[in-house]
Amino acid sequence: MSRTAFKAAIDDHVLAELRAIIGDDARVRPDRSSRAFRSRVPAPFPVHRWAEHFPDVVILPRTAVEVSEVVKLANRHGIPIVPRAGGTGLSDGAVPLRGGIMIDCKLMNQIHEIDLVDRTVTVGPGINMLKLNEELKKYGVIYPDDPASYPCSLVGGRIGTGGWSLLGARFGHTRDLVISMEVVLPTGEIVEIAEGGGRKLRKSSTGLTLKQLFTGHQGTLGITTQATLELVPRPETEFAAFFAFDDYMKAYATTGILTKSGLATLAGVVLFDEKKIEYLRRDDEAYIPQPESVRAVVAVAMYGRRCEVEPASKEIMRLGRSNDGKYLGDEISAGDWASRHDRYATPLHGRDLDGQAVLMSWHCEDAALNYSVLPQVREEWHAIVARYRERYGIFDDWGMFAYTSGSHKPWADYLVEIDVGIWEQKLNDENWAAWVSCKREIAQVSLKYGGSITACHGATREGDAELVPEEMGSAWPVVKAIKRALDPNNIMNPGKQSLDEAYE
Amino acid sequence: MSIFRLGDQTPPEPRRITDTVIERLEHQFEVDPDLMQITPQQDMPVWDSRRIFNARWDHLDWMHAHFADEVLLAGELSETMPEDHS
Ligand SMILES: Cc1cc2nc3c(=O)[nH]c(=O)nc-3n(C[C@H](O)[C@H](O)[C@H](O)COP(=O)(O)OP(=O)(O)OC[C@H]3O[C@@H](n4cnc5c(N)ncnc54)[C@H](O)[C@@H]3O)c2cc1C
């Protein structure tokens, strides 16, 4: 039976059932504003078709049992479920495509247990990492998942997206930092998902490693209702150094040298290209006073014990100067590193073809690519954006960076980002289609060079989703079989990642 | 008692930094108002600009302290800028 398309009809009877499950009308919200506020994410959005993305009702559960009962009801009636955490995801994972019940997990924000002996913390999916770490600080430990959205994204969304951390080279990314989870399956059962058994074990060889399957599925396989996370000793020392180059290829070469340095405290190396510097120079305070000869920048950060970081910092200062790298000074190095959550991508304004400042939303392409292909991809991506900018006048190229991406292995994989501004007020069907086509061309370049469309945000939006079967290649039938087996009625975040094909 | 000082309200005349950027208060750069015709610029009293600027430093200090006990600096000057700017 084909289960590819349904737009939910939530009638009074279903609402009454939901109210009976939750037992608190304030947490069952069919009103327009509750739904409108949860219909988009910060990524470019078809604002001219906003209402098509409203959920039909928002539920704010507090327990796994409540989630389970709501999911069972949805499964019985064939109603879509969309899980949502912070709503900061940049690929529309938490945007309903077919209405339905939105499960907003923000009230599940408790710290259930801090275990300083076996070094774990168990939390609800609605907690934010910044808030969690404020609590953990007094114990001398940290949960080091540090996306640029650190102040606003939540653990549930980090798990849903299989997020990428700015400190991943040192501490790992979300999937490395989640030890086990409690998950409500699309059929409503509550299950413990780990490496094997054992809620606090980091490594097991018993059976299938299900934990990875339930990380990064974008809410298409279930809803995480509790997670047991890694606790890492809180770093004693932070060190950051920024180096300027007069040429991208020199900066690229130095990036390679730094990432292969073998320094264990290395938390991240970032290569900013000329367009990014141009963009920062034009109206951001960071680099304006820098001379024109600064055309690329490499940033390095380290965390650890002082006895490790201090000698390593001397080596970084030496390696960073390879290929004529010039140190940008202590103030920029420390200050810009501390600005890493907001500096490089999110001004929310760009320039039209006449150079006028206009309000724009932010697209952040986040391909995973190998070191060897970075220069070619950079050229092709900029050329694509320039072509669309010229033709439509509503796009702006905010430059690129490449950021170390392998967990504990900084040498060869990069999260490669091109930031593109989109003048949302100008969106109509034609301009939206142009954007989707631009987006798709960018993603196709990643595939052409043996990369992955996305290192962190997920491939749940137009322009990405239709390429998922191509990227998954011969594994695509396996993916479809898993989806069909776990979600027989296609209720979990339907329409995402081309997974409707599982039901054809 | 709150004190109202005119000088705290009205920003000084801008200094041009580049073709597209001006500076009214030290180290506080703004898009050239000529480029803000579609999206008009908000009028900001000086005290409010200063408040935001200073809060930025507080925020950065907070971020450092949030992730580690201490910040190690290379202790070297900028190699791209004259000393008074580095
Ligand atoms: C300024 C900014 C910077 C960013 N920087 C980064 C970055 O450095 N690294 C990075 O990885 N991302 C980054 N992002 C993207 C985004 O923050 C991440 O994708 C984050 O993981 C999303 O978390 P969220 O809580 O907002 O989730 P949401 O957007 O609410 O949801 C994300 C996905 O997870 C699913 N989901 C939500 N809760 C659950 C649950 N309990 N169980 C199962 N699935 C669930 C949703 O259905 C959706 O598909 C950035 C975003 C912004 C706005």
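Mentor: A polar contact is a pair of N or O atoms within 3.5 Å. Keep that cut-off in mind as we look at this predicted model.

Trainee: What makes the approach of the A:R461 side chain to the backbone oxygen of A:P44 a polar contact?

Mentor: The side chain of A:R461 reaches that oxygen at 2.8 Å. The limit is 3.5 Å, so the pair qualifies as a polar contact.

Trainee: Why is A:R461 called buried?

Mentor: Its relative accessibility is 2%. Buried means under 20%, so A:R461 belongs in that class.

Trainee: Where does A:R461 sit, and which residues does it touch?

Mentor: A:R461 lies in the loop between α14 (429–448) and α15 (468–472) of chain A. Leaving aside neighbours within four places in sequence, its contacts include A:A43, A:P44, A:D92, A:W432, A:W435 and A:E466.

Trainee: Let's turn to another loop residue. Why is A:K203 called exposed?

Mentor: A:K203 has a relative accessible area of 62%. Exposed means over 50%, so A:K203 meets that condition. A:K203 is found in the loop between β9 (190–193) and α8 (210–213) of chain A.

Trainee: How do you know that A:K203 makes a polar contact with A:S205?

Mentor: The two side chains come to 3.3 Å. That is within 3.5 Å, so the contact counts. As for A:I179, that residue is 24 residues from A:K203 in sequence, and the C-alpha atoms are 8.9 Å apart.

Trainee: Now for charged pairs. What makes A:D25 and A:R19 a salt bridge?

Mentor: Their closest N and O atoms are 3.8 Å apart. The cut-off is 4 Å between a side-chain nitrogen of Lys or Arg and a carboxyl oxygen of Asp or Glu, so this pair passes.

Trainee: And why is A:R19 partly exposed?

Mentor: A:R19 has a relative accessible area of 30%. Partly exposed covers the range between 20% and 50%, so A:R19 takes that label.

Trainee: Are the partners A:D24 and A:R27 buried or exposed, and what links them?

Mentor: Their side chains meet in a salt bridge, N to O at 3.1 Å. A:D24 is partly exposed, because its relative accessible area is 27%. A:R27 has 7%, which is under 20%, so A:R27 is buried. In another pair, A:D487 and A:K483, the salt bridge is at 2.7 Å, and both residues are buried.

Trainee: How many salt bridges does the structure hold?

Mentor: There are 48 over all chains. Among the residues involved, A:E113, A:D115, A:R199 and A:K200 are linked in a network.

Trainee: Next, the two chains together. How is the size of an interface often given?

Mentor: It is often given as the accessible area lost when the parts come together. Between chain B and chain A the buried area is about 3800 Å², and carbon and sulfur atoms give 57% of it. On the chain B side, B:H66, B:F67 and B:L72 supply 20% of the area that chain B buries against chain A, more than any other three residues. The contact takes 38 residues from chain B and 55 residues from chain A.

Trainee: What makes A:R306 and B:E70 a salt bridge across the chains?

Mentor: Their side chains meet at 3.1 Å, N to O. That is within 4 Å, so the pair is a salt bridge. The count between chain B and chain A is 5 salt bridges, along with 28 residue pairs in polar contact, both residues being at pLDDT 80 or more.

Trainee: Which elements of chain B give two or more residues to the side that touches chain A?

Mentor: They are β3 (28–31), α2 (46–67) and β4 (70–72) of chain B. The largest share, 10 residues, comes from α2(B). By class, this side has 20 nonpolar, 12 polar and 6 charged residues.

Trainee: How do you know that β12 of chain A and β4(B) pair?

Mentor: Strand β12 (residues 237–245) and β4(B) share 3 bridges in the parallel sense. Pairing needs at least two, so these strands pair. In β4(B), B:L72 is the bridge partner of A:F239.

Trainee: And what makes β1(B) and β2(B) a pair?

Mentor: β1(B) and strand β2 (residues 21–25) have 2 bridges in the antiparallel sense. At least two are required, so the condition is met. Here B:R15 stands opposite B:E23 in β2(B).

How values were computed. Residues are numbered from 1 along each chain as its sequence is written. Chains are lettered from A and ligands numbered from 1 in the order in which they are written. This is a predicted model: local features need pLDDT of at least 70, side-chain atom pairs count only at pLDDT 80 or more; totals for chains, interfaces and linings use all residues. Side-chain values use heavy atoms; hydrogens and water are left out. Helices (H or I, at least four residues) and strands (E, at least two) are DSSP runs, numbered from the N terminus. Buried means under 20% relative accessible area, exposed over 50%, partly exposed in between (1.4 Å probe, protein chains only). A polar contact is a pair of N or O atoms within 3.5 Å; within protein, one must be able to donate a hydrogen and the other to accept it, and residues adjacent in sequence count only if both atoms are side-chain atoms. Contact means heavy atoms within 4.5 Å. Buried area is the accessible area (1.4 Å probe) that two parts lose on being put together, summed over both. Ala, Val, Leu, Ile, Met, Phe, Trp, Tyr, Cys and Pro count as nonpolar, Asp, Glu, Lys and Arg as charged, and the others, Gly among them, as polar.
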